Amino acid sequence: GGGISIIANDPVTSGGGGKTICGWSVYTPFTDISSLEFHIQADHDVFTDAGLTCADDTQAIQQVNSLDDIQINAIQTVVAEKPTYAVASLNGTNTIDFAEDTLDLSSDVNLGIDYTIHILYKKDTTSDKMVIGHNSQSSLIGDWSDNNFYATSNSNAGISFSIGHIIDYSIMTLVRDGSSNQATLYENGLIHDAKTLGSSASISTTINLIGDRKFNDGKGDGNLADLTLYSAVKSISEVATLIQELNTKYSVFLPYGGAPTPPTISGTTLEHYLNPNYDVYSDMGKTAATNNNAVRATRTQQNDGDHIYQGTGANQMIYHDTILGTNGSLYKGGGDYMKMSKEITFTNSESFVAYSVHKRANNGANSIYFKLGVTKDSIIDYTNGTCYFFDSSGSASVNAGYSTDAVIRAYVIDRDADLFRVYDNGVEVGNKTIAARTGTVTFNAMFNWGSGTSLTGQIDHGDVLLYRGLHDATDVGTVSDWLNTKYSIY
């Protein structure tokens, strides 16, 4: 009772709190229930009638109760539009099977202009739809039959994301930040894309239907396991926490993490850590990349949900496991690059250090970090071994020498001494004054420059680390030696 279901291999009924509670497994509330407006899981509180009789496999569903003591039910009394119960249809857990069916919410859920939704579902075929919406507004959130995931508001104004079709279970997360005029769509915690909302940013979204929308042309076809609605913007780390909790239950994407921890350097913070031996995908987190696969995304290893991604096939890097020994690497050829899921900014008084393990295949230029849309804010290995540091005020360069040998290179931005220092394999190879470099630095992408397709260097990248704070020569040696235990370069 008390809203907590009971473990069972078939539905268990209890009369807790004066109501019937159905459970096929223990219900564990999410860690984050702040601003939670609606939540259903198909394992819990699914009924064949108005909340008295627990549903069993293949039975028609009349009511599903929201969890976490939210007093909103999803209801369908029209026999022809009732979804059915699909027991053990998702890795041993249950789903709600829609076949041109809908569920009406017992009251509106007003998400406002800032919200986060998670939908764990699959469609039956590419021509099907799985959406939520409103019966008297134009709101539509979900996977349509035209290759797009839509996010429209009450006025039908909104945006769409090209995602292909979700015909294998995935967790889709839409974070709409109307206050900042942006929406971001994730699949299994990895970004599909981020878009500007434009004129719809200030228009609210209200939901009272599952599997349909106002125009009655979007009835659901597919299976729904979990639907969660928050009336707040959730950060990338908060999204990561929830999708991990969902994945613990449903196992719809590959578990991640486990990379060795880089050295802790006193007075500095590890901001970014890419290790291509871990969590590199040819899709959205379901399939580990193998040699010569195009890379759709890879999770970084700070355990905060951060990752890098590239949705445009022509710009995707290639995974190798034969260039840096048997270690994984991301190969950039031509206009390849990766977007970062979060920006990292350093003020003009902050020192920082980037480390890169890489091996060139030609004498073309390539970057470690850069900012999309500008030809500044970058760390670049240019042609003939010249290394550049750009902030928003200009550049400084150090000639480190050209080689096609693998190298562990450190780029130290020393704001205290106003120097740009470059180290190869733990040994300083040169430095240059940056006294005139007085701008901030923002990184939001990796392995190219400017538009994202400007540099033509061909290079395999292994581990990349970015620390906030200054590393002296001893610290550089410590981190370089740690990397060398993996790569055996020197």
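Here are five short exercises with worked solutions on this predicted model.

**Exercise 1. Get a first overview of the chain: what is its secondary structure, and how does its radius of gyration fit a compact globule?**

Step 1. Start with the secondary structure: the chain has two helices and 36 strands.

Step 2. Turn to its dimensions. Along the principal axes, the C-alpha atoms fill a box of roughly 75 × 45 × 40 Å.

Step 3. For 490 residues, a compact globule would have a radius of gyration near 23 Å, and the 25 Å of the chain agrees with this.

Step 4. Add the burial: 57% of the 490 residues are buried. The accessible surface comes to about 17300 Å², and carbon and sulfur atoms account for 46% of it.

Step 5. Finish with confidence. The mean pLDDT is 92, and 95% of the residues reach 70 or more. Residues 1–10 call for care, as pLDDT stays under 50 there.

**Exercise 2. Work out why strand 15 can be called largely enclosed by the rest of the structure.**

Step 1. Find strand 15 at residues 170–177.

Step 2. Look at one face, where Ser170, Met172, Leu174 and Arg176 are all buried.

Step 3. Now take the other face: Ile171, Thr173, Val175 and Asp177 are buried too.

Step 4. Put the two faces together. Eight of the eight residues are buried, so strand 15 is largely enclosed by the rest of the structure.

**Exercise 3. Find which strands pair with strand 15, and in what sense.**

Step 1. Recall the general idea: strands of a sheet pair through backbone hydrogen bonds, either parallel or antiparallel.

Step 2. Take strand 10 (residues 114–123), which runs antiparallel to strand 15 and is joined to it by eight bridges. Within this pairing, Thr116 has Val175 as its bridge partner.

Step 3. Go on to strand 16 (residues 182–187). Six bridges link it to strand 15, again in the antiparallel sense, and Met172 stands opposite Glu187.

Step 4. Look at the connection between strands 15 and 16: they form a hairpin with four residues between them. Asn181, in the turn, has a positive phi of about 65 degrees.

**Exercise 4. Describe the surroundings of Thr173: is this residue buried or exposed, and what does its side chain contact?**

Step 1. Place the residue: Thr173 belongs to strand 15.

Step 2. Check its accessibility. The relative accessible area of Thr173 is 0%, and buried means under 20%, so Thr173 is buried.

Step 3. Look for a polar partner: the side chains of Thr173 and His118 make a polar contact at 2.8 Å.

Step 4. Widen the view beyond four places in sequence. The contacts of Thr173 include Thr116 and Ile117, Leu185 and Tyr186, and also Val239 and Ile243.

**Exercise 5. In the open sheet of nine strands, find which strands stand at the edges and why one side of each lacks a neighbour.**

Step 1. Read the order of the sheet, 21-22-23-26-35-28-29-30-31, with antiparallel pairing.

Step 2. Go to the edges, where strand 21 (280–281) and strand 31 (394–399) stand. Each has a single partner strand, so one side of each is left without a neighbour in the sheet.

Step 3. Try one pair within this sheet: strand 29 (residues 378–381) and strand 30 (residues 386–391) run antiparallel and are joined by four bridges. Here Asp381 has Cys387 in strand 30 as its bridge partner.

Methods:
Residues are numbered from 1 along each chain as its sequence is written. This is a predicted model: local features need pLDDT of at least 70, side-chain atom pairs count only at pLDDT 80 or more; totals for chains, interfaces and linings use all residues. Side-chain values use heavy atoms; hydrogens and water are left out. Buried means under 20% relative accessible area, exposed over 50%, partly exposed in between (1.4 Å probe, protein chains only). Two strands pair if DSSP finds at least two bridges between them. A polar contact is a pair of N or O atoms within 3.5 Å; within protein, one must be able to donate a hydrogen and the other to accept it, and residues adjacent in sequence count only if both atoms are side-chain atoms. Contact means heavy atoms within 4.5 Å. The radius of gyration is taken over C-alpha atoms; the globule rule is 2.2 Å times the number of residues to the power 0.38. Accessible areas come from the Shrake-Rupley method with a 1.4 Å probe; for residues, only the protein chains shown count as cover. pLDDT is the predictor's confidence in each residue, from 0 to 100.
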